[in-house]
Amino acid sequence: MGRKIGVHRVKGSKTVTSIKTKRAIFAIRQYLADKPRDLALFVCGINWGLRGADLCALQWKDLLTDAGDLKKTITVTESKNQNTRHLTVNSKVKAVLLPLLKARQEGDDNS
């Protein structure tokens, strides 16, 4: 089995240690390179700092304009504390979302 990179549970603990180095982030990105959906969730999570539940609750309609293009900013209400956040869709996020969007438009359900 593959080795764990940067994130691990401490025995008996309910917390997960954070990813602290750019090297660990790069290693995880490489590991997820052939899994576009998982890579997109990871990159969005790293760039936006959202909790997993808030990230998974996002839908394409939250990310797309009426014309079907990616928005430059999105507004998210966090589920835990009801804070409203305005998030920028930067170049790194755009780079992982565009291939998913293209696959979605072509009818590929595996993305």
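Colleague: How much space lies in the largest pocket?
Modeller: This is a predicted model. The pocket has 15 lining residues, and R37, L41, L58, W60 and L100 are the closest to its centre. The space in the largest pocket is about 390 Å³.

Colleague: Which element gives the largest share of the lining of the largest pocket?
Modeller: Four elements give two or more residues each: α2 (36-48), α3 (52-57), α4 (60-63) and α5 (91-105). By class, the lining has 11 nonpolar, 2 polar and 2 charged residues. The largest share, 5 residues, comes from α2.

Colleague: How far apart are the end C-alpha atoms of α2, and what span is expected?
Modeller: α2 has 13 residues, counted at 1.5 Å a residue. The expected span is therefore 18 Å. The end atoms agree with that, at 18 Å.

Colleague: Which elements do the buried residues of α2 pack against?
Modeller: Buried here means under 20% relative accessible area. In α2 that covers L39, A40, F42, V43, C44, G45 and W48. They pack against α1 (22-31), α3, α4, β1 (73-77), β2 (84-88) and α5.

Colleague: Which element gives the most to the largest nonpolar core?
Modeller: The core has 23 residues, and W48, L50, L58, I74, V93 and L97 have the most contacts inside it. α2, β1 and α5 each supply at least two residues. With 6 residues, the element that gives the most is α2.

Colleague: What does L50 touch, leaving out residues up to four places away in sequence?
Modeller: L50 is among the core residues with the most contacts inside the core. Contact means heavy atoms within 4.5 Å. On that basis L50 touches G45, L55, L58, V76, E78, R85 and L87.

Notes:
Residues are numbered from 1 along each chain as its sequence is written. This is a predicted model: local features need pLDDT of at least 70, side-chain atom pairs count only at pLDDT 80 or more; totals for chains, interfaces and linings use all residues. Side-chain values use heavy atoms; hydrogens and water are left out. On a 1 Å grid over the protein atoms alone, a cavity is a set of points where a 1.4 Å probe fits but cannot get out, and a pocket is an open set with protein on both sides within 12 Å along at least five of seven lines; lining residues have an atom within 4 Å of a point. Grid points are joined across faces, edges and corners, and a volume is the space filled by probe spheres set on the points. Ala, Val, Leu, Ile, Met, Phe, Trp, Tyr, Cys and Pro count as nonpolar, Asp, Glu, Lys and Arg as charged, and the others, Gly among them, as polar. The expected span of a helix is 1.5 Å times one less than its number of residues. Buried means under 20% relative accessible area, exposed over 50%, partly exposed in between (1.4 Å probe, protein chains only). A nonpolar core is a set of buried Ala, Val, Leu, Ile, Met, Phe, Trp, Tyr and Cys residues joined through side-chain atoms within 4.5 Å.
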